[in-house]
Amino acid sequence: MNKVREQVEVNSKNKFALPHVLMASGLVVCILSGCANLLFSPVPASVPIRLDQAGVVADFEFKVNKSFIYWYSMEFFFPKDNQLERARVRNLLGEPNLDKMGQPLKPGVPTPIHLSIFAVCKTGKQVEVYSQDVNPLLTSWGGDSFGKNIGFSVLTPGMYRARIVNKRASPEFSSIPITFNMGMSAKTSFDPSTVLKSDDPCEG
């Protein structure tokens, strides 16, 4: 489920995710109980979420060690080699093709969310550094999952908080494992030395 990259650690406080214990790459996620300080290392951070209920579906803190462009996405899973379930999930997610007006030809079940990223300063102040209202389209697929990109932003070293609000309860997704992912793309060209001290959100 987790695709290994590098450089982000997460202390999860997510109490809204799938009711199971996820163990992978040296991490243990205690779902619903909020029972542990967690390390997601290396990135991406991958937090289970639910879209069958509206409201806050994830709220967690994470640590960034490297100035870079971080991508945010949702991933929808199905059992590998189960073509019937794959087709069902794909039908729910719609198609990526757009019409002349820029609207999806087959939109599927909407997945509108609001993602907020806050810098957590040493003083305790939280500064919003990213805010996105989006109903993302299908953008990727593989042997056991489909993906929807949410967006991206440059983050500088420090502590952050991510908060995801699901704006539409969709019971169609109740049996589908879904994660919110964040990480760095290996295909992105970015020079961390171009980030100035003044770009630190807690210095303003």
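## Phe146 and its surroundings

Phe146 lies in strand β10 of this predicted model. With a relative accessibility of 1%, Phe146 counts as buried, because the cut-off for a buried residue is a relative accessible area under 20%. Leaving aside residues up to four places away in sequence, Phe146 touches Met74, Glu75, Phe76, Phe78, Arg86, Val89, Arg90, Leu93, Leu138, Ser140 and Trp141.

Some partners of Phe146 can be placed in the chain. Trp141 has Phe146 as its bridge partner in β10. Ile178 stands 32 residues away from Phe146 along the chain, and the C-alpha atoms of these two residues are separated by 9.6 Å.

## The five-stranded sheet

Strand β10 belongs to an open sheet of five strands, whose order is β4-β12-β6-β10-β9. The pairing within this sheet is antiparallel. Its edge strands are β4, residues 45-49, and β9, residues 138-141, each of which pairs on one side only. On average, neighbouring strands of the sheet are turned by 30° against each other, direction ignored.

At one edge, β9 pairs with β10, residues 145-155, in the antiparallel sense over three bridges. At the other edge, five bridges join β4 and β12, again in the antiparallel sense. Within this pairing, Met182 in β12 is the bridge partner of Ala45.

## The edge strand β4 and its neighbour β12

Is β4 mostly covered or mostly exposed? This strand is mostly covered, for five of its five residues are buried. In a regular strand, the side chains alternate between the two faces of the sheet. In β4, Ala45, Val47 and Ile49 are buried on one side, while Ser46 and Pro48 are buried on the other, and both faces are thus covered.

Strand β12 spans residues 178-183 and includes Thr179. Thr179 counts as buried because its relative accessibility is 2%, and the cut-off is under 20%. The side chains of Thr179 and Asn181 are joined by a polar contact of 3.0 Å.

## Helix α1 on the sheet

Helix α1, residues 83-93, packs on the sheet and touches β6 (68-77), β9 and β10. The direction of α1 makes about 50° with that of β10. Which residues of α1 are buried? They are Glu85, Val89, Arg90, Leu92 and Leu93. Seen down the axis of α1, these buried residues fall within an arc of 160°, so they line one face of the helix. An α-helix has 3.6 residues a turn, so residues three or four places apart point the same way.

The cover over the buried residues of α1 includes β6, β9 and β10. The face turned away from the buried side carries the exposed residues Gln83, Leu84 and Asn91. At the start of α1, a side-chain oxygen of Asn82 reaches to within 3.3 Å of the backbone nitrogen of Leu84. Just after α1, Gly94 takes a positive phi of about 80°.

## The disulfide

A disulfide is a covalent bond between the sulfur atoms of two cysteines. The structure holds one disulfide, formed by Cys121 and Cys202, with their sulfur atoms 2.1 Å apart. This pair links distant parts of the chain, since the two cysteines are 81 residues apart. Cys121 lies in the loop between β7 (113-120) and β8 (126-134), and Cys202 lies in the segment after β12.

Why is the disulfide of Cys121 and Cys202 described as left-handed? The torsion about its S-S bond is about -90°, so the disulfide is left-handed. The two cysteines can also be described by their accessibility. Cys121 is buried, with a relative accessible area of 7%, whereas Cys202 is partly exposed, with a relative accessible area of 28%.

## The chain as a whole

The secondary structure of the chain comes to one helix and 12 strands. From the N terminus on, the elements run β-β-β-β-β-β-α-β-β-β-β-β-β. The chain has 204 residues, of which 44% count as buried. Among contacts between residues at least 6 apart in sequence, 76% join residues at least 24 apart.

How values were computed. Residues numbered from 1 in each chain as written. Predicted model: local features only at pLDDT ≥ 70, side-chain atom pairs only at ≥ 80, totals over all residues. Heavy atoms only, no water. Pairing = 2+ DSSP bridges. Helix = DSSP H or I, 4+ residues; strand = E, 2+ residues; numbered from the N terminus. Axes fitted to C-alpha atoms, helices over the stretch in contact; angles between N-to-C directions. Contact = heavy atoms within 4.5 Å. Buried < 20%, exposed > 50% of the residue type's maximum accessible area, 1.4 Å probe, protein only. Polar contact = N/O pair within 3.5 Å; in protein donor to acceptor, adjacent residues only side chain to side chain. Disulfide = S-S within 2.5 Å. Arc of directions from axis to C-beta.
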